[in-house]
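The following exercises ask for a careful reading of rings, charges, pockets and backbone angles. Please work through each task before turning to its solution.

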Amino acid sequence: MQKLQNYINGELVAPASGNYIDNYHPATGKVYSLIPDSDAKDVELATDAAKKAFPEWSKKSIQERSAILLKLVDLIERDMDKLAEAESKDNGKPIWLAKAVDIPRAAANFRFYATGILHEHTEAHSMGEEAINYTLREPIGVAGCISPWNLPLYLFSWKVAPALASGNCVVAKPSEITPMSAYLLSELCIEAGIPAGVFNIVHGLGPKVGSAITEHPDIPMISFTGGTQTGATIARTAAPMFKKLSLELGGKNPNIIFADCDFDEMLKVTLRSSFANQGQICLCGSRIFVERPIYEKFKTAFVERVSQMKVGDPSDDKSKLGAVVSKPHMEKVLSYVELAKEEGGTVLTGGHRVEMEGELKDGYYLAPTVIEGLNYNCRTNQEEIFGPVVTIMPFDTEEEVLMYANSTKYGLASTIWTSNLKRAHRVAAKLHTGIVWINCWLLRDLRTPFGGVKQSGVGREGGFEALQFFTEPKNVCIKL
Ligand code: TXE
């Protein structure tokens, strides 16, 4: 069985403990590879290597850093199919999705920051004839990057790319549930000639490796994407150490549909915003609020289309949904369906495991699920389920739907469907979310600030925001 290795100081190495954890293939429920069960010793080795590499990497010209990272982009693109198949195997998502979204986006993340640094500039503040200030933006040292399982290489690279491009060295940990694409990336980093120690990947469990990264005194900045609870744990450790923190956490995103929307377009995109990646995207719209005049029309059309969505083998191009990521996650999602019933909800379609045959018999397949009849403030409508489950609910006024939409502890993203421009702007301004999509969903421009408010996160990724996170501004004041 394949044993993955850590990537430390430019080499692929076994974990110090010699121990490994099982890695599951969600499509079949079988163990198919082994992940290093690393611990604080491995994090120590990686951090030492990163510290040693920092002076040289941070002093390289931006052109040199850019060229090395662009080489990595070429290799990711060369291995697109292999990486997409590996991502699908590790995560359960359809291969077509990994090919269309995950891996191209990982390449785009590296390209965006490798070229972004070529266009960066800093400010100057004139005090007339008296003085002039200018700002330097300096890399900080070793960045800790911790990422989740839902979009493995996509989110991993979204952190690592700006950290490296801005001149930091990195100690990173992918999710132990989906380590494979990060492991394959480490092989490509060696081939691309990333200098030893600049980028280190330590595989293993969150409470061991993740917390060793968070606690390490020589890692002064942590970029984390994952659950809100974990974000709180990390913040508790990092705050008294005065670390810089970027936290991208959960969401419970409202999808607000007004009667005057382009119905067909809305329906098509709402299917995607509900169930893309088996509903395991922090941006998925899981609470669908529909203006009453079109509620019944929407319900009928949506439920019909959802019930026709094929759940199946991730390697089959016709599968709209593959497997969810793990058995515990599948059980968690199913427990929310039970909770929804207890809370008075009616399951209109789905709500159960999909039984497959042959090799896929023990895979973690869930039917896309639509529930109605719940209050906006019940647990099903307040807690993040992170699976292929949405609730639908009618509303009568803007005021009412804004109250529903803003009622959760989360504030990541929201979607508005309307052809009334004034209303679109008015409602967008009143939504308490970091991102608002109007008549679209997951339309991403990498230059825009990405992140959430309330318990969906702290700070922003994307564009120059991420380069600013991974650098410290220094003001230099010169008396004239
Ligand atoms: O997240 P975790 P998981 C949410 C979503 C999902 C939940 C759980 O609600 O159901 O998170 O997903 C590492 N110190 N999102 O289990 O546990 C862990 O090893 C340091 C939202 O993946 O938070 C992994 O690498 N690190 C989301 C990473 O943190 C720790 C995307 C995320 O794990 C740690 C995915 C610790 N004590 C899930 N414990 C989004 N917003 O994009 C765990 N980790």
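**Exercise 1.** Does Phe302 count as buried or exposed, and what is the relative accessibility of Phe302?

*Solution.* The model is a predicted one, in which local features need pLDDT of at least 70, side-chain atom pairs count only at pLDDT 80 or more, and totals for chains, interfaces and linings use all residues. Residues are numbered from 1 along each chain as its sequence is written, and side-chain values use heavy atoms, with hydrogens and water left out.

Begin with the scale: buried means under 20% relative accessible area, exposed over 50%, and partly exposed in between, with a 1.4 Å probe and protein chains only. Phe302 has a relative accessibility of 0% and therefore counts as buried. Phe298 likewise counts as buried, at 0% relative accessibility.

**Exercise 2.** Describe the geometry of the aromatic pair that Phe298 and Phe302 form, and place the two residues in the chain.

*Solution.* A pair of aromatic rings is described by the distance of the centres and the angle of the planes. Rings of Phe, Tyr and Trp (its six-membered ring) pair if their centres lie within 6.5 Å, and planes under 30 degrees apart count as stacked, over 60 as edge-to-face and the rest as tilted. For Phe298 and Phe302 the centre-to-centre value is 4.8 Å and the planes stand at 20°, which makes the pair stacked.

Next comes the position: both residues belong to helix α10 (residues 295–307), and because they are four residues apart there, about one helical turn separates them. Helices (H or I, at least four residues) and strands (E, at least two) are DSSP runs, numbered from the N terminus.

**Exercise 3.** How many aromatic pairs does the structure hold, and which parts of the chain does the pair of Tyr7 and Phe199 link?

*Solution.* The structure holds eleven aromatic pairs. In one of them, the ring centres of Tyr7 and Phe199 are 5.9 Å apart and the planes lie at 85°, so this pair is edge-to-face. The pair links distant parts of the chain, since Tyr7 is in strand β2 (residues 6–8) and Phe199 in strand β10 (residues 199–201), 192 residues apart.

Accessibility completes this step: Tyr7 is buried, with a relative accessible area of 0%, and Phe199 also counts as buried at 0% relative accessibility. Ring pairs join Tyr7 and Phe199 with Phe156 into a cluster.

**Exercise 4.** Which charged residues lie over the rings of Phe263 and Phe258?

*Solution.* A charge sits over a ring if NZ of Lys or CZ of Arg is within 6 Å of the ring centre and within 35 degrees of the ring normal. Over the ring of Phe263 sits the charged end of Lys297, 4.1 Å from the ring centre. Over the face of Phe258 lies Arg423, at 4.1 Å from the ring centre.

**Exercise 5.** Where does the largest pocket lie with respect to domain 1 and domain 2, and which residues lie nearest its centre?

*Solution.* The search uses a 1 Å grid over the protein atoms alone; a pocket is an open set of points where a 1.4 Å probe fits, with protein on both sides within 12 Å along at least five of seven lines, and lining residues have an atom within 4 Å of a point. Grid points are joined across faces, edges and corners, and a volume is the space filled by probe spheres set on the points.

The largest pocket has a volume of about 990 Å³. Its lining comprises 40 residues, of which Phe224, Gly226, Gly227, Thr228 and Thr230 lie nearest the centre. At least two lining residues come from each of α7 (206–215), β11 (221–225), α8 (228–238) and α11 (327–342). Domain 1 (2–249 + 456–479) and domain 2 (253–447) both contribute to the lining, so the largest pocket lies between them; the domain bounds come from an automatic or database domain assignment.

**Exercise 6.** What is the phi of Phe386, and where is Phe386 found?

*Solution.* Phi of Phe386 is near 65°, a positive value in a residue other than glycine. Phe386 is found in the loop between α12 (379–382) and β17 (389–395), and is buried, with a relative accessible area of 15%.

For Lys454, in strand β21 (residues 453–454), phi is near 50°, again a positive value in a residue other than glycine. Lys454 counts as partly exposed, at 38% relative accessibility.
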